[in-house]
Amino acid sequence: MIAHRQHARHGGGGAAARLVRAGVAVALSVAALASAGCSRRPPNGTPDGAVRELVVRLRQLHGDPADAKAAFELLSRRARDNLAARAQRYSAATGKAIAPEAMITPSRFLLRFEPQRYVAQIAGAHALVDVAGLLPGDRAQIPCVYEDAGWRVDLALPQLPPVQKRPGSDL
């Protein structure tokens with residue numbers, strides 16, 4: 001009787017045990033495939049997704065630094081560098097340190113129209129997202145760039161003018 005129990009514990013049991021093990025393996029495989037299929041693509045997994053998510057995040061921006069940081073993360077390196085330069089200049093002029101994402105102000109963001117459709121045209125690491133609204137004139141083209149393992153919105157912010165100095169000053 002002891003020998004029979006050890007045999008059953010070490011993989012014996014015949015066809016029924018093999019069938020149960022096969023069923024468990026199939027169930028685990030199906031569960032793994034289902035969870036992989038249900039995983040959501042990150043918002044910046046596509047250029048149109050990045051633009052759509054930026055619009056959503058900018059709409060939620062009401063002075064909360066966390067919301068500003070979330071929107072800032074969707075911007076291209078060029079746009080983030082521009083905002084960082086602006087924040088640095090502001091900090092130097094006022095003596096008050098400000099984070100680059102704080103340069104995104106809710107009062108400066110205004111939609112010209114309500115976006116209804118986003119269509120991306122991708123060429124390598126660059127994309128142009130055509131955003132359309134309800135009316136024929138409701139259109140915008142938003143450039144995006146693929147960097148840091150995701151699509152980023154490449155907002156064309158005006159370059160900062162050089163710092164003007166007073167004649168004869170060393171500053």
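Strand β1 (residues 117-123) pairs with strand β2 (residues 126-132) in the antiparallel sense, over 7 bridges. The model is a predicted one. The points below cover this hairpin, the loop between β3 and β4, an aromatic pair formed by Tyr146 and Trp151, and the surroundings of Ser76.

**Hairpin of β1 and β2**

- Tyr118 has Val131 of β2 as its bridge partner.
- The hairpin has 2 residues between its strands.
- Gly124 in this hairpin takes a positive phi near 70°.
- In a regular strand, side chains alternate between the two faces of the sheet.

**Loop between β3 and β4**

- Which strands flank Asp148? Asp148 lies in the loop between β3 (139-147) and β4 (150-153).
- Asp148 is not a glycine, yet has a positive phi of about 55°.
- Asp148 counts as partly exposed, because its relative accessibility of 44% falls between the 20% and 50% cut-offs.
- Ala149 is also found in the loop between β3 and β4.
- The phi of Ala149 is positive as well, at about 60°, although this residue is not a glycine.
- Ala149 counts as exposed, since its relative accessibility is 70% and the cut-off for exposed is over 50%.

**Aromatic pair**

- How many aromatic pairs does the structure hold? The structure holds 1 aromatic pair.
- Tyr146 and Trp151 form this pair, with 5.3 Å centre to centre.
- The planes of Tyr146 and Trp151 are 70° apart, and the pair is edge-to-face; the class follows because planes over 60 degrees apart count as edge-to-face.
- Tyr146 is partly exposed, with a relative accessibility of 41%.
- Trp151 is buried, because its relative accessible area of 7% is under the 20% cut-off.

**Ser76**

- Ser76 sits in the loop between α4 (65-72) and α5 (77-94).
- Is Ser76 buried or exposed? Ser76 counts as buried, because its relative accessibility is 1% and buried means under 20%.
- Which residues is Ser76 in contact with, leaving aside its neighbours within four places in sequence? These contacts are Val145, Glu147, Arg152, Val153 and Asp154.
- Among these contacts of Ser76 are Val145 and Glu147, and β3 spans 139-147.
- Arg152 and Val153 are also among the contacts of Ser76, and β4 spans 150-153.

How values were computed. Residues numbered from 1 in each chain as written. Predicted model: local features only at pLDDT ≥ 70, side-chain atom pairs only at ≥ 80, totals over all residues. Heavy atoms only, no water. Pairing = 2+ DSSP bridges. Helix = DSSP H or I, 4+ residues; strand = E, 2+ residues; numbered from the N terminus. Phe/Tyr/Trp six-rings, centres within 6.5 Å; stacked < 30°, edge-to-face > 60°. Buried < 20%, exposed > 50% of the residue type's maximum accessible area, 1.4 Å probe, protein only. Contact = heavy atoms within 4.5 Å.
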